[in-house]
Amino acid sequence: MTIGVTGASGQLGGLVLESLLAKGVPAKDIVALTRDPAKLSAYAAKGITVRAGDFDKPADLAASLAGVERLLIIPANDLRPGIRTPQHKNAINAAKAADVKHVIYISTMGAHRGQDLFTAHLETEQAIYASGLAWTILRMGMYYDNLWMGSIAYALSAGVYAATAPTQAANVARSDVAAAAAALLAAKGHDSFLYHATGPASQTPAEIAATIAEVFGKKVDAVNVTQDQFNGALKGAGLPDFVVDAIGGIEAARAKGLLDVVTHDVERLTGKKAISLAQYLASTKHLADAKMAAH
């Protein structure tokens, strides 16, 4: 069985490749697709087939998918409004043209019509349902890893973790999402299943702040801010408007409770319990020292 992974040079894609190899999937049975094959030279050296695959070049993508039976579609990383849905539909159509038998799509918890990021996921899911392809959807919680994009540094320096509401959310480690995706790729079946990759518990901002404080040994308090203040801080950090809209949209969805779903699907698929935020932070604690040294 030949397995394909789009976006294989990204952070999630690389972890999926590692998870597949760790599961004993022969490298010769894996096709890694990326816009820049040179980025995957290390995997090519391990025997994985590396091919060019660009969602904006559907004809070329279809050719690159030749022989692939099970395909993981990892969402495009372009957050500009109106870009992702057409790209994902190109990937779905390319899979059909290449006679891929089964597609697995990494979607998001709380997919709904609203902010573009969530809308793109929902519209991609619907396009897959209508494609006639066998499918599996893996909706994921937001990554613990995203905390390293500024929240932890601010919490440790200012003693504050900001959020717009005390609502819970079931975040998850990127590595657990990758392991779940690899498990779906490596085993036949799972047709017409929608799974949710989440951490083992849903947490409020106060609980997240307390976990950061415990792991790093510093006082951190959760504080409530308005959505405008939240977005304003992102804009003040120099982020472009479309990125502010995406991150702000995630926070708005969290505040509404759309990310408050806890399942045991990671354990069900991988045989291992999803790691907690405390476990994740303890294992990545060294990143704080590295970031401090870089300033």
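## Pockets, strands and buried residues

Q: Which residues lie nearest the centre of the second largest pocket, and what makes a residue part of a lining?
A: Of the 14 residues that line this pocket, Ser-175, Asp-176, Ala-179, Thr-270 and Lys-272 lie nearest its centre. A residue counts as lining if one of its atoms is within 4 Å of a point of the space. A pocket itself is an open set of points on a 1 Å grid over the protein atoms alone, with protein on both sides within 12 Å along at least five of seven lines.

Before going on, this is a predicted model: local features need pLDDT of at least 70, side-chain atom pairs count only at pLDDT 80 or more, and totals for chains, interfaces and linings use all residues. Residues are numbered from 1 along each chain as its sequence is written, and side-chain values use heavy atoms, with hydrogens and water left out.

Q: Which element gives the most to the lining of the second largest pocket?
A: That's α7, with five residues. The elements giving two or more residues are α1 (11–22), α7 and α11 (265–270). These names come from DSSP runs, numbered from the N terminus: helices are H or I with at least four residues, and strands are E with at least two.

Q: What makes the largest cavity a cavity, and which residues line it?
A: In a cavity, a 1.4 Å probe fits but cannot get out. The largest one here has a volume of about 40 Å³, that volume being the space filled by probe spheres set on grid points joined across faces, edges and corners. Its lining is Asp-78, Leu-79, Arg-84, Gln-115, Asp-116, Leu-117 and Ala-246.

Q: How do you know that β5 and β6 are paired?
A: Two strands pair if DSSP finds at least two bridges between them. Seven bridges join β5 (residues 102–108) to β6 (residues 134–140), so the rule is met. One of the partnerships is Ser-107 with Arg-139 in β6. Over on β4, four bridges lead to β5, again parallel, and Leu-71 has Val-103 as its bridge partner in β5.

Q: Which strands are called the edge strands, and why?
A: They're β3 (49–52) and β8 (193–197), each pairing on one side only. They close off the order β3-β2-β1-β4-β5-β6-β8 of an open, parallel sheet of seven strands.

Q: Why is β5 called largely enclosed?
A: Because seven of its seven residues are buried, where buried means under 20% relative accessible area (exposed is over 50%, partly exposed in between; 1.4 Å probe, protein chains only). Both faces are covered: His-102, Ile-104, Ile-106 and Thr-108 sit on one side, with Val-103, Tyr-105 and Ser-107 on the other.

Q: Why does Tyr-143 count as buried?
A: Its relative accessibility is 13%, and the limit is under 20%, so Tyr-143 falls inside it. Tyr-143 sits in the loop between β6 and α6 (151–158). Apart from neighbours within four places in sequence, Tyr-143 is in contact with Leu-12, Val-172, Ala-173, Arg-174 and Val-177; contact means heavy atoms within 4.5 Å.

Q: What about Gln-203: buried or exposed?
A: Buried, because 19% is still under 20%. Gln-203 lies in the loop between β8 and α8 (205–216). Beyond residues up to four places away in sequence, Gln-203 touches residues including Thr-167, Gln-168 and Leu-277.
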